Amino acid sequence: TEQEHVLVGEYSGLSSMVLGPQYHYVFNPSSGNSSIADSTGWFVKNYPDKLSNMVVVYQEGPQADLTKNMFVSLLTPFGVTPDYVTYPAGTADLSAVGTKIVSLNPTSLVVLGQGDLDAANVYKAAWQAGYQGLMFSPVTPPVEVLSTVLPVEALEGFVCGAWPTDFEPAQTEAAQEFKAAWIAKYGSWAGTNTASTSYY
């Protein structure tokens, strides 16, 4: 496709091929990937005071490395250089990870590259170790998953996207404004399966 100058929109998961700067005609239009850029840019713009000592935690492995590299490329233009904490896949006891996070005294904590449940367990380990700073997720972990792992007081101030179910009913002012704006533009709120609403 490069040789023939054919545009390709490749909708599968992250791959080094799609991200390679040598490719000019291959793109990944997946909203699952672009939403990380959207939410990270929003976070950097709205929480500049939380960037001075960001800690990024991720599980060791090639997929997590790709996600981490993409996240770093998003932070670099803003002059943000996080500290990193990694742990082996399959780690059952994350207390040492939590202790390491607290020892770095971060202003914000980000967990990348694993499923929602594993990420929630890392946030929980940090909270149990005494972390009181801001928690941010560039992806959208369902509140139902977070709240089964983390106590409500640990979730206070957690920053991430919202799933459509978070608008049924719209309990916060931001959710009410979003739902009203959606109805004003499209005429009705179609329900919880509207394409891509998870990234709001």
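This briefing walks through a sheet and the helices around it, then takes a closer look at helix 5 and helix 8. Keep in mind that the model is predicted. At its heart for our purposes is an open sheet of 4 strands in the order 4-3-5-6, with parallel pairing.

**The sheet**

- Strand 4 (83-87) and strand 6 (134-136) sit at the edges, so to speak: each pairs on one side only.
- On average, neighbouring strands of this sheet are turned by 25° against each other, ignoring direction.
- Strand 3 (residues 54-59) and strand 4 run parallel and are joined by 5 bridges.
- If you want to find that pairing on screen, look for Gln-59, which has Tyr-87 of strand 4 as its bridge partner.
- As background, strands of a sheet pair through backbone hydrogen bonds, either parallel or antiparallel.

**Helices on the sheet**

- Helix 3 (residues 62-75) lies across strand 3, strand 4, strand 5 (108-112) and strand 6, and runs at about 160° to strand 3.
- Helix 5 (residues 116-128) also packs on the sheet, where it touches strand 3, strand 4, strand 5 and strand 6.
- The direction of helix 5 makes about 150° with that of strand 5.

**Helix 5 up close**

- With 13 residues at 1.5 Å a residue, helix 5 should span 18 Å, and its end C-alpha atoms are indeed 18 Å apart, so the two values agree.
- Which residues of helix 5 are buried? They are Ala-119, Ala-120, Val-122, Tyr-123, Ala-125 and Ala-126.
- Those buried residues pack against strand 3, strand 4, strand 5 and strand 6, and also against helix 4 (95-103) and helix 6 (143-149).
- Just past the end of helix 5 comes Gly-130, with a positive phi of about 110°.

**Helix 8 up close**

- The length check works here too: the 14 residues of helix 8 (residues 173-186) should span 20 Å at 1.5 Å a residue, which agrees with the 20 Å between its end C-alpha atoms.
- Buried in helix 8 are Ala-175, Phe-178, Lys-179 and Trp-182.
- Why do the buried residues of helix 8 line one face? Seen down the helix axis, they fall within an arc of 95°, so they share one face of the helix.
- A handy rule behind this: an α-helix has 3.6 residues a turn, so residues three or four places apart point the same way.
- On the face of helix 8 turned away from the buried side, you'll find the exposed residues Glu-173, Glu-177 and Ala-184.
- Gly-187 follows helix 8, and its phi is positive, near 95°.

Terms used: Residues numbered from 1 in each chain as written. Predicted model: local features only at pLDDT ≥ 70, side-chain atom pairs only at ≥ 80, totals over all residues. Heavy atoms only, no water. Pairing = 2+ DSSP bridges. Helix = DSSP H or I, 4+ residues; strand = E, 2+ residues; numbered from the N terminus. Axes fitted to C-alpha atoms, helices over the stretch in contact; angles between N-to-C directions. Contact = heavy atoms within 4.5 Å. Expected span 1.5 Å × (residues − 1). Buried < 20%, exposed > 50% of the residue type's maximum accessible area, 1.4 Å probe, protein only. Arc of directions from axis to C-beta.
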